[in-house]
Amino acid sequence: MKKRVLVSGGAGYIGSHVSVELINSGYDIVVADNMSNCDLTCFEGVKKITGREDIPFVKMDFCDMEAVNRLFDEYRIDAVIHFAAFKAVGESVAKPVLYYKNNLSSFLNVLEAAMGHGGCNVLFSSSATVYGEAEKLPVTEQSPRLPATSPYGNTKQICEDILRDTVKAESSIKGIALRYFNPIGAHPSALIGELPRGVPNNLVPFITQTAIGKRERLSIFGNDYPTPDGTCLRDYIDIVDLAKAHVAAVRRMLDGKMKKDYEIFNIGTGRPVSVAELVHSFEKVNGVKLNYAYVDRRPGDVTAIWADTALANEELGWKAERSVDETLESAWAWEKHLAGKE
Ligand code: UFG
């Protein structure tokens with residue numbers, strides 16, 4: 001019998017790409033989302049890409065314990081990938097209670113329901129933000145986690161700890177946390193991608209919206225950092241590569257290949273790229289000119305972060321494959337696809 005994976009927050013940017021890769025790898029899935037930060041565009045795209053009209057979709061809020069229990073009653077769930085969370089760093093500073101309540105209680109509800117239904121494999125969607133401004137680069141999974149600088153970042157740290165402690169106490173729960181670096185790009189079909197609401201906070205959606213004329217000018221935050229060209233360094237990971245890492249992690253859990261009951265993996269490329277380099281690559285590969293200007297640093301940004309990916313490469317048998325250029329082409333194709341629909 002096929003194994004079934006619950007994808008919480010599965011209608012969103014990362015969740016939809018992961019759904020495609022899970023189906024392509026032979027898993028059954030159930031997608032559940034409260035649609036608080038997305039519409040059905042990406043879920044419809046997942047159905048089109050996979051040719052599967054029958055993917056179960058449940059509109060529900062993971063903060064609603066009864067709804068989570070009903071979901072586990074209805075489906076036999078072998079693994080959960082938990083994406084359902086708020087993700088805007090700035091908003092989390094302004095609305096900490098909202099962020100703590102939503103991000104923590106939804107995850108606690110998933111764990112409680114899993115425990116009440118005979119246990120489960122749980123994959124938690126974490127972030128490189130847990131490393132803060134790291135002293136030694138690249139960061140390994142052993143690098144220290146620094147105090148979070150936003151409630152959003154803190155919810156990632158707390159959820160990692162909740163999973164670690166739960167796994168220790170409950171033999172029926174196994175867990176993996178994937179720490180993502182900077183996911184960018186879109187599916188090569190241009191049928192799914194990032195759909196930011198309002199003004200984008202992240203670099204690539206801001207670039208593509210500027211290129212298409214939705215935004216007048218891209219601001220590059222700071223060119224006086226102690227880096228080769230003065231702009232920040234990040235590890236930009238292609239969204240499809242990132243999605244494939246989830247399949248590798250789920251397979252590891254379901255095939256009983258974990259070496260410890262709770263494991264952590266960095267999911268990045270291992271290559272630092274500066275903001276200016278990314279902007280210029282976008283212009284070059286897509287043949288467009290971007291209107292941009294250097295402005296002051298953005299408060300809270302770290303100078304540089306990139307991943308040591310050796311553990312994920314060895315243990316998950318996974319490696320980032322797409323080049324930054326290909327990824328930037330896919331991001332532009334997606335923006336143009338959206339413009340065509342407007
Ligand atoms: N940047 C710009 N202009 C923009 C947007 C971003 O110059 O309009 C720069 C930022 O200063 C940064 C780089 O582009 O140097 C990347 O910024 P993003 O906002 O795309 O990504 P971050 O590295 O800030 O964000 C990541 C994750 C978040 C996480 C955060 C922690 O995407 O989930 O790190 O600070 F919370």
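I began with Ala-190 in this predicted model, and at 9% relative accessibility I enter Ala-190 as buried, because buried means under 20%. Ala-190 lies in the loop between strand 7 (182–184) and helix 7, and I noted that its phi is near 60 degrees, a positive value in a residue other than glycine.

I then turned to Met-35, whose phi is also near 60 degrees and is likewise a positive value in a residue other than glycine. I place Met-35 in the loop between strand 2 (28–33) and helix 2 (41–50), and with a relative accessible area of 15% I enter this residue as buried. I wrote both residues down because most residues other than glycine have a negative phi, and most peptide bonds are trans.

Next I looked at the loop between strand 5 and helix 6, where Pro-138 is found. The peptide bond leading from Leu-137 to Pro-138 is cis, and I read its omega as near -5 degrees. Ala-148 lies in the loop between strand 5 and helix 6 (151–169) as well, and I asked myself whether Ala-148 is buried or partly exposed. With a relative accessibility of 29%, Ala-148 counts as partly exposed, because that value falls between the 20% and 50% limits. I also checked Ala-148 against Val-130, and although they are 18 residues apart along the chain, their C-alpha atoms are separated by 6.5 Å.

For the aromatic rings I searched the whole structure, and the search gave six aromatic pairs. In one of them, Phe-86 with Tyr-99, the ring centres are 5.4 Å apart and the planes stand at 55 degrees, so I log the pair as tilted. This pair links distant parts of the chain, since Phe-86 is in the loop between strand 4 (79–82) and helix 4 (89–94), while Tyr-99 is in helix 5 (residues 96–116), 13 residues apart. Tyr-99 has 1% relative accessibility and so counts as buried.

Phe-107 and Phe-124 form another tilted aromatic pair, with 4.9 Å from centre to centre and 40 degrees between the planes. Here too distant parts of the chain are linked, as Phe-107 belongs to helix 5 and Phe-124 to strand 5 (residues 120–127), 17 residues apart. I found Phe-107 buried, and Phe-124 buried too.

I also looked for a charge over a ring, and noted that the charged end of Arg-297 sits over the ring of Tyr-225, 4.0 Å from its centre.

My last entries concern the ligand. Which residues come nearest to the ligand? Of the 18 residues around it, I listed Tyr-152, Ser-219, Arg-234, Arg-298 and Asp-301 as the nearest. By class, I entered this shell as ten nonpolar, five polar and three charged residues.

Going through the polar contacts, I found a backbone N or O atom of Ser-219 at 2.7 Å from a nitrogen atom of the ligand. A polar backbone atom of Phe-221 is 2.9 Å from an oxygen atom of the ligand, and a polar side-chain atom of Asn-182 lies 3.0 Å from a ligand oxygen atom. Taken alone the ligand exposes 690 Å², and I noted that the protein buries 86% of that. Helix 7 (203–212) and strand 8 (218–221) are the elements that give two or more residues to the shell around the ligand, and strand 8 gives the most, with four residues.

Methods:
Residues numbered from 1 in each chain as written. Predicted model: local features only at pLDDT ≥ 70, side-chain atom pairs only at ≥ 80, totals over all residues. Heavy atoms only, no water. Phe/Tyr/Trp six-rings, centres within 6.5 Å; stacked < 30°, edge-to-face > 60°. Buried < 20%, exposed > 50% of the residue type's maximum accessible area, 1.4 Å probe, protein only. Lys NZ or Arg CZ within 6 Å of the ring centre and 35° of its normal. Near = heavy atom within 4 Å. Polar contact = N/O pair within 3.5 Å; in protein donor to acceptor, adjacent residues only side chain to side chain. Areas by Shrake-Rupley, 256 points an atom, 1.4 Å probe, with all protein chains shown as cover. Nonpolar A, V, L, I, M, F, W, Y, C, P; charged D, E, K, R; others polar.
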